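Student: Please take me through one part of this model slowly, starting with an open site on the protein and what lines it. I would then like to see how the other sites and the neighbouring strands are described in the same careful way.

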Amino acid sequence: MAAVSTPRPPRPERLRIPGEQLLLAGLFLYVLVLVVLPLGRLFIEGLKQGEAGEWLGVVREAWAGRSFGRAFWNTLVAAGASTLLSVVLGTGAALLLRLTDLPGRAALMFLMLLPMLIPPQISALAWIGLGGPSSPILGLLGLAPPPGTTNPLYSMGGIIWVMGLEHAPLVLLAVAAGLASVPRDLIEAGRIVGARPARVVVHIILPAIAPSVLAGAALAFVSAIGNFGVPALLGIPGRVTLLTTLIYQRLNGFGPSVLGEVAAIAFVLVGLAIAGLAIRTIIQRRSGAAIDRTGPIADPFALGRLRLPVGVLTWVGVLLISVLPLLALIATALVPALGVKLSLETLSFANFAWVLSGSAMVQRAFVNSTILALIASAICCIVAVPLAYFAVTRRNRLAQLLDLLSDAPYAVPGTVLAIGIIIVFLPPLPVLGFSIYGSFAIILAAYLSRFLLLALRPVAATLRTVDPGLEEAARIVGTPPLRRLWHVMTPIVLPSALAGGLLIFMSAFNELTLSALLWSTGTETLGVMVFFLQYEGNSPAAAALATVITAAVMILALIVDVIGRRFAPGVVPWQV
Amino acid sequence: MASVDVIAATKSFGKTPVLRGVDLAIADGEFLALLGPSGCGKTTLLRLIAGLERLGSGEIRIDGEVMEGPGRFVDPEDRHLGMVFQSYALWPHMSVRRNVEFGLAMRGVARPERRQRVASALAAVGLTGLEDRRPQALSGGQRQRAALARCIALSPRIILLDEPLANLDAHLRHAMQQEFRRLHRETGTTFVFVTHDQSEAMALADRVAVMDKGQLQQVGTPEALYAEPATAMVAAFVGKGALLPVAVEGRSQGGSLSITLAGHRIESRGDAAPGPGLLCLRPDDVVIVPANFPGSLPARVAEVSYRGGHYAVDLVLPALPGHRIEASMRHAPQPGEAVSLQFEGGWVLAAPDAVRAEAA
Ligand SMILES: Nc1ncnc2c1ncn2[C@@H]1O[C@H](COP(=O)(O)OP(=O)(O)OP(=O)(O)O)[C@@H](O)[C@H]1O
Ligand SMILES: [Mg+2]
């Protein structure tokens, strides 16, 4: 009898060597302190008794307030409506780009995914620059709102619009993936029985991709619930408070004394996020069996005579929503002072010069963000590799639990995580005796918690595709586990870890939500800096800084893209 | 009911030519099987007829009307064909009834008539009672029937089938073959049936078109393909013919050909000019006689296997190393045993150019 040689997962191996147990203990500590404690303490804090000792007093008090009620309602409306916009745009774009022979589809795809690379506060800034009375671009066209009126984007409508655009790529990616898995035969069978392309789309393709649309919508909804950058830049001046900005304003105004109250508000954010993610999980479970992926994907439908008009319309639309705001951002940055009309004579690079070398505070923000992003991405990678190795390759139960827990800080809104981090790190550290609250370290702690997942997922995914024989072969020749990890597995996962690390760097480099609640004088980040320059009314400087940040992020994205394509396919979120 | 004409059709995917000048005329009401090894272009030809792929050059007509040709292309939805896919391609989000009804609705058939045609199509394939099931809740054979019902409900003028039985087990395949024959008889529709199984093609079709490497090798009745293969490829692919190099001497008066096989002179039927040729021998063309029997060709038994009722005997010819002949016997000879062969029948065809060049 020939031995059957199907690949099987390696049998869990007992941990024997102390070095290995030490390493695992370190990972445990990391997740305990940075993930479990902040989120756990948040709940304990929020569930405390009220001042008068009544049961669940803090929650009851926080939820009873008028401002809470209004913010809750606003959040629901903004998230719901912006999700609707994201779904319409994302699904429409996916159908056009994946199913038709529109000219320039690859370039359109890139432009549609652009908002993913631009942090929400910068998108908001760009739209403020585009839509306001002093809009350089609308000004050129004579379409700008009259001077003195408020910017129309400072409103609920503005929040919905910018968030909807910001999250449309999430739907686009989900639907594009869904479309790729619709078997070609199903579409062709429809045409053979006499259905024209439009009817094939309505009756066959849309029902088949409905789960993907819903999953994308759930993701957009969860992102909208947790979004801070857009409501901060558009809602605060427009007096439209959402839950995230309510928490920010409370903490900013009253300091740590309101931690219990904001924790109670954060519950609602967590609840909404969990609801969204649960819907997504259920849909994915349900639809997994329905369509089995077979054969090649369908040829695009020929648009025929409509190709030119539809192509032109799509290009114009995409340029309007993806590129024009960025142009407005650059134009705003080129205006010498707010309110000056942009022309060849007035054009000035003074704002760029100022943000790059004229302000000690901005320069400090550059240094802070760079160092924070570097340290966070390095540490997350260093933690992710052994954690993924223990969880995936060695199938260690504890490591698998830690891996699961690492999802949480990325799934909950950043505002929520920040509150948890404050609660844990406000009191003096045990043994050391001092508090890191208000220092650089507390922002780093938040980043280490939030972004670990971005390195962990790609590394774990790569390890999952590795033939267990590799590990077993090394085991048979007697290589001790830590050496196996270092000499056999680490080289294999290096590209994924690197791609993940760069993603973390990008995310941390222009992060606002966490640092907005954690910064103090001396530890300003770039995200905070943009926010404050704009808040102070120095829009041209804010725009210049945002432009520089965006350019830096684009260059990083290009590097990630190349690494992803070359060495770690399926790792980079925007590659489909 | 309709005829199909494929005229000088070519097709390439990128730089790879897949069809190289195919001419095929399918008669009205015919059951034609497209037979050939994997990758020879059968599916591509079928999809071209359906309008699911575009021709490189050439023309396709249905009922004499140009479907695709220079400057003209009729969309698949306007060709009024039926197609059964190898994967069945049943829409997973629709019930069996909706699957069958969908095409009728697309063609604007009124609701009452739709109901009635769905019912009769499902009855014709024996699926009555399963109308409300989803395709996922059907067995392989039932899915096959549902796909067939979806196709016949529209009364298409041609039914294209791409290896519709490939995913079924042997028993079910046999039952479905009979179903196809019956439906063909009852509807009188033109059937074009793709398969790479020669026995399935022979059992089902009025005519079989054999393809190889993007070209048609021979189109004919199953009997003609078996008895008078036009090319070496057809001889080898259909009915496991052994091909032996022979020299064609000339035609004798009775119309048969005189040939020499390894110095041994035989009479056979065939279609070849004098010169190098190939003799196609099927197991029933070979008679095993005792060794050194006068007027016979010496051979040695290589392998014997029991085939139920008879033994398949694999023979090697010392005079022609590298060639094997299969014969069938009622009694098992010993492997290694020396025997002699006589031939009754066989078919001679002209040697392909390569063999000719070698002989010259
Ligand atoms: N979309 C495509 N792109 C590139 N090459 C293709 C494509 N479809 C088919 N081919 C190639 O064309 C050739 C003929 O393919 P076709 O599917 O027609 O073969 P077939 O005779 O149906 O084979 P089988 O019996 O395996 O189904 C094959 O070599 C195949 O690799
Ligand atoms: Mg095929």
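**A pocket in chain A, and what lies beyond it**

Tutor: The largest share of the lining of the second largest pocket comes from α8(A), which supplies 4 residues. Please keep in mind throughout that this is a predicted model. The second largest pocket has a volume of about 810 Å³, and 29 residues line it, with A:Arg191, A:Pro197, A:Pro300, A:Phe301 and A:Ala302 lying nearest its centre. The elements of chain A that give two or more residues to this lining are α3 (66-99), α8 (184-192) and α9 (197-226). In character, the lining of the second largest pocket divides into 17 nonpolar, 3 polar and 9 charged residues.

An enclosed space in chain A can be described in the same terms. A search of the whole structure finds 4 cavities of 30 Å³ or more, and the largest cavity has a volume of about 110 Å³. Among the residues that line the largest cavity are A:Pro115, A:Ile118, A:Trp127, A:Leu165, A:Glu166, A:Ile321 and A:Leu326. Here α5 (120-131), α7 (156-180) and α13 (307-334) of chain A each supply at least two residues of the lining, and α13(A) gives the most, with 4 residues. The lining of the largest cavity divides into 9 nonpolar, 2 polar and 1 charged residues.

Turning to chain B, the residues around ligand 1 include B:Phe13, B:Val18, B:Glu163 and B:His196, and the shell also holds B:Ser38, B:Gly39, B:Cys40, B:Gly41, B:Lys42, B:Thr43 and B:Thr44. Helix α1 (residues 42-50) of chain B gives the most to this shell, with 3 residues, and the shell as a whole divides into 3 nonpolar, 6 polar and 2 charged residues. Several polar atoms approach the ligand: an oxygen atom of ligand 1 is 2.5 Å from an N or O atom in the side chain of B:Ser38, and an oxygen atom of ligand 1 is also 2.5 Å from an N or O atom in the side chain of B:Thr43. With B:Gly39 the partner is a polar backbone atom, which is 2.8 Å from an oxygen atom of ligand 1. On its own ligand 1 has 640 Å² of accessible area, of which the protein covers 58%.

Elsewhere in chain B, strand β12 (residues 242-251) has two antiparallel partners in this account. With strand β15 (residues 275-281) of chain B, β12 pairs in the antiparallel sense over 7 bridges, while 4 bridges join β12(B) to strand β13 (residues 257-261) of chain B, and these two strands also run antiparallel. B:Ala247 is a useful residue to follow across the strands, for B:Ala247 stands opposite B:Pro276 in β15(B) and opposite B:Thr260 in β13(B). Lastly, β12(B) and β13(B) form a hairpin with 5 residues between them, and B:Gly255 in the turn has a positive phi of about 95°.

Methods: Residues numbered from 1 in each chain as written. Chains lettered and ligands numbered in written order. Predicted model: local features only at pLDDT ≥ 70, side-chain atom pairs only at ≥ 80, totals over all residues. Heavy atoms only, no water. 1 Å grid on protein atoms, 1.4 Å probe; cavity = no way out; pocket = protein on both sides within 12 Å on 5 of 7 lines; lining within 4 Å. Points joined across faces, edges and corners; volume = space filled by probe spheres on them. Nonpolar A, V, L, I, M, F, W, Y, C, P; charged D, E, K, R; others polar. Near = heavy atom within 4 Å. Polar contact = N/O pair within 3.5 Å; in protein donor to acceptor, adjacent residues only side chain to side chain. Areas by Shrake-Rupley, 256 points an atom, 1.4 Å probe, with all protein chains shown as cover. Pairing = 2+ DSSP bridges.
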